[in-house]
Amino acid sequence: MYKIAVLISGGGTNLQSIIDKVKSAYLDCKIEIVISDNEKAYGIERAKENNIYAVALGKKQYGDKLSDEILKIAQEKNIDLIVTAGFLSILKGDLLKKFKNRIINIHPSLIPSFCGKGMYGLNVHKAAISYGVKVSGCTVHFVDEGTDTGPIIIQKSVPVFAEDTAEVLQKRVLEKEHEALPEAIKLITEDKVKVCDRKVIIENN
Ligand code: GRF
């Protein structure tokens, strides 16, 4: 059974979508552990409510060593896939080497628009609205050394209306995130995803 680790920093609605999809047997994998860089993340409650082992690695306590600690845990627990879902710390070092193309991230825009440093949460949707785009959406991508720069697996789009506020757009995009992330996990656990340089080839797609 594919074992995944989900990394969170906040509310964990993307974590919840994975939990729900495992429960409904849409996903044939096990959430082995939830790791949060924020002791107060509500996502930790979501894990506990579903009897999933959760651990908080406070940014202040681990600082630069956070990625090394995550690697240690992932190796100890024989994790197959790491999923960053609303996770705000940047992963680096050996973790990225040892888990090359085995870490995926969900970002609330159509990368390469509105991504990179400082582009998280509402900032993303404020930037999209002030730019005046007519379409936005979400992207699931592999994590590499950059920020939101890894090969793209899935993107889902939503319309942007003139009267949209950042909060309204965030809600519309979040609904698509909750579809896209489980879909990407399913493709990976079914070994239907191949990475060729920057391109991600999906079998039967
Ligand atoms: C989501 O928009 C996600 O794309 C971004 O963080 C936001 C909150 O995610 N990375 P969650 O509700 O904590 O899963």
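1. Throughout this note, buried means a relative accessible area under 20%, exposed means over 50%, and partly exposed lies in between, with a 1.4 Å probe and protein chains only. Helices (H or I, at least four residues) and strands (E, at least two) are DSSP runs, numbered from the N terminus. The model is predicted: local features need pLDDT of at least 70, and side-chain atom pairs count only at pLDDT 80 or more, while totals for chains, interfaces and linings use all residues. Residues are numbered from 1 along each chain as its sequence is written, and side-chain values use heavy atoms, with hydrogens and water left out.

2. Helix α1. The buried residues here include N14, L15, Q16, S17, I18 and I19. The buried part of α1 packs against β1, β2, α2, β4 (81–84), β5 and α7, where contact means heavy atoms within 4.5 Å. After the helix comes A25, with a positive phi near 70°.

3. Which residues does S17 touch, leaving out those up to four places away in sequence? They are H178 and P182. S17 lies in α1, and its relative accessible area is 8%, so it counts as buried.

4. Strands β1 and β2. Strand β1 (residues 2–8) runs parallel to β2, and seven bridges connect the two; strands are taken to pair if DSSP finds at least two bridges between them. Within this pairing, L7 has I35 of β2 as its bridge partner. The connection from β1 to β2 goes through α1 and forms a right-handed β-α-β crossover. Right-handed here means that, with the strands pointing away from the viewer, the path from the first strand over the helix to the second runs clockwise.

5. Strands β2 and β3. Why is β2 (residues 29–36) described as largely enclosed by the rest of the structure? Seven of its eight residues are buried, so the description follows. β2 is also parallel to β3, with three bridges between them, and I35 stands opposite V55 of β3. The route from β2 to β3 passes through α2, again as a right-handed β-α-β crossover.

6. Helix α2. I44 sits in this helix and is buried, because its relative accessibility is 8%. Beyond its neighbours within four places in sequence, I44 contacts I8, S36, N38, E39, A54 and A56. The C-alpha atoms of I44 and G10 are 8.5 Å apart, although the two residues are separated by 34 positions in sequence.

7. Backbone points to check. The peptide bond between I111 and P112 is cis, with omega about 15°. P112 belongs to the loop between β5 (103–107) and α6 (122–131). F114 is also found in the loop between β5 and α6, and its phi is positive, near 50°, in a residue that is not a glycine. With 16% relative accessibility, F114 is buried.

8. A further positive phi outside glycine is that of N51, about 50°. N51 lies in the loop between α2 (42–49) and β3 (54–56). Is N51 buried or exposed? Its relative accessibility is 74%, so N51 is exposed.

9. Largest pocket. A pocket is defined on a 1 Å grid over the protein atoms alone, as an open set of points where a 1.4 Å probe fits, with protein on both sides within 12 Å along at least five of seven lines; lining residues have an atom within 4 Å of a point. Grid points are joined across faces, edges and corners, and a volume is the space filled by probe spheres set on the points. For the largest pocket the volume is about 830 Å³. It is lined by 34 residues, and those closest to its centre are G86, F87, L88, I106 and Y120. At least two lining residues come from each of α1 (13–23), β5 and α7 (166–189). The lining comprises 11 nonpolar, 19 polar and four charged residues, counting Ala, Val, Leu, Ile, Met, Phe, Trp, Tyr, Cys and Pro as nonpolar, Asp, Glu, Lys and Arg as charged, and the others, Gly among them, as polar.

10. Second largest pocket. Its volume is about 150 Å³. The lining consists of L96, K97, K100, N101, F142, V143, D144, E145, P151, V195 and D197. By class these are five nonpolar, one polar and five charged residues.
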